[in-house]
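Grab a pencil and work through a few exercises on a protein fold. Try each task on your own before you read the solution.

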Amino acid sequence: MTGVVLVMVFLHLSPQFFIMLPYYRTTRSFSFEQLVRVLGIFNVLVAYMYITYYQAVTSDAGGVPPRWTPDEAMAEYGVELLSEHRRFCYKCNAFKPPRAHHCKQCKRCVLRMDHHCPWIGNCVGNGNHAHFMLSLIHI
């Protein structure tokens, strides 16, 4: 993740120092106020990128509740569960809900697991999917 943050910082700073500042110095019609406005908007959007990336890295992907059983979950909705619909994770030694999968890197079952992302060092699941998508949009 350190490498990812360093690349993000490089991509954030290099256009300012190698494109905007030389353009400001060589173009007489480009005023200092215009430079501040352009770089202000750019840096606000970049700050939002850092915030969404931080939220994707630090938020929990959403694990299966402890002692979750399919019988109790389906009884709340008045549905009778057939025995072949029960899913069991042999690594966690527990039942898992539909759309939950076991992550080998995190060593736990994750609700609505999409994938384990090496760029954020975390699973993308129920708890951080929105933060992950926002960080992708802003990178």
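Here come four exercises, each with a worked solution.

First, the ground rules: this is a predicted model, where local features need pLDDT of at least 70, side-chain atom pairs count only at pLDDT 80 or more, and totals for chains, interfaces and linings use all residues. Residues are numbered from 1 along each chain as its sequence is written, and side-chain values use heavy atoms, with hydrogens and water left out.

**Exercise 1.** Work out the order of the elements along the protein.

Solution. Start by counting: you should get four helices and six strands. Helices here are DSSP runs of H or I with at least four residues, strands are runs of E with at least two, and both are numbered from the N terminus. Now read from the N terminus, and the order comes out as α-α-α-β-β-β-β-β-β-α.

**Exercise 2.** Classify the ring pair of Tyr 23 and Phe 30.

Solution. Rings of Phe, Tyr and Trp (its six-membered ring) pair if their centres lie within 6.5 Å; planes under 30 degrees apart are stacked, over 60 edge-to-face, and the rest tilted. The structure holds five such aromatic pairs. For Tyr 23 and Phe 30, the centres are 5.2 Å apart and the planes stand at 65°, so this pair is edge-to-face. Next, check burial: buried means under 20% relative accessible area, exposed over 50%, and partly exposed in between (1.4 Å probe, protein chains only). Phe 30, at 13%, is buried, while Tyr 23, at 43%, is partly exposed. Finally, look around the pair: Tyr 23 and Phe 30 form one aromatic cluster with Tyr 24 and Phe 32.

**Exercise 3.** Find which element gives the largest share of the largest nonpolar core.

Solution. A nonpolar core is a set of buried Ala, Val, Leu, Ile, Met, Phe, Trp, Tyr and Cys residues joined through side-chain atoms within 4.5 Å. The largest one has 10 residues, including Val 4, Met 49, Tyr 53 and Phe 132. Two elements, α1 (2-26) and α2 (32-58), give two or more residues to this core. The winner is α2, with four residues.

**Exercise 4.** Is Lys 96 buried or exposed, and which side chain of opposite charge is nearest?

Solution. Locate Lys 96 in the loop between β2 (94-95) and β3 (101-103). Lys 96 is buried, yet has no salt bridge (a side-chain nitrogen of Lys or Arg within 4 Å of a carboxyl oxygen of Asp or Glu). The nearest side chain of opposite charge, Asp 114, is 15 Å away; Lys and Arg count as positive, Asp and Glu as negative, with His and the chain ends not counted.
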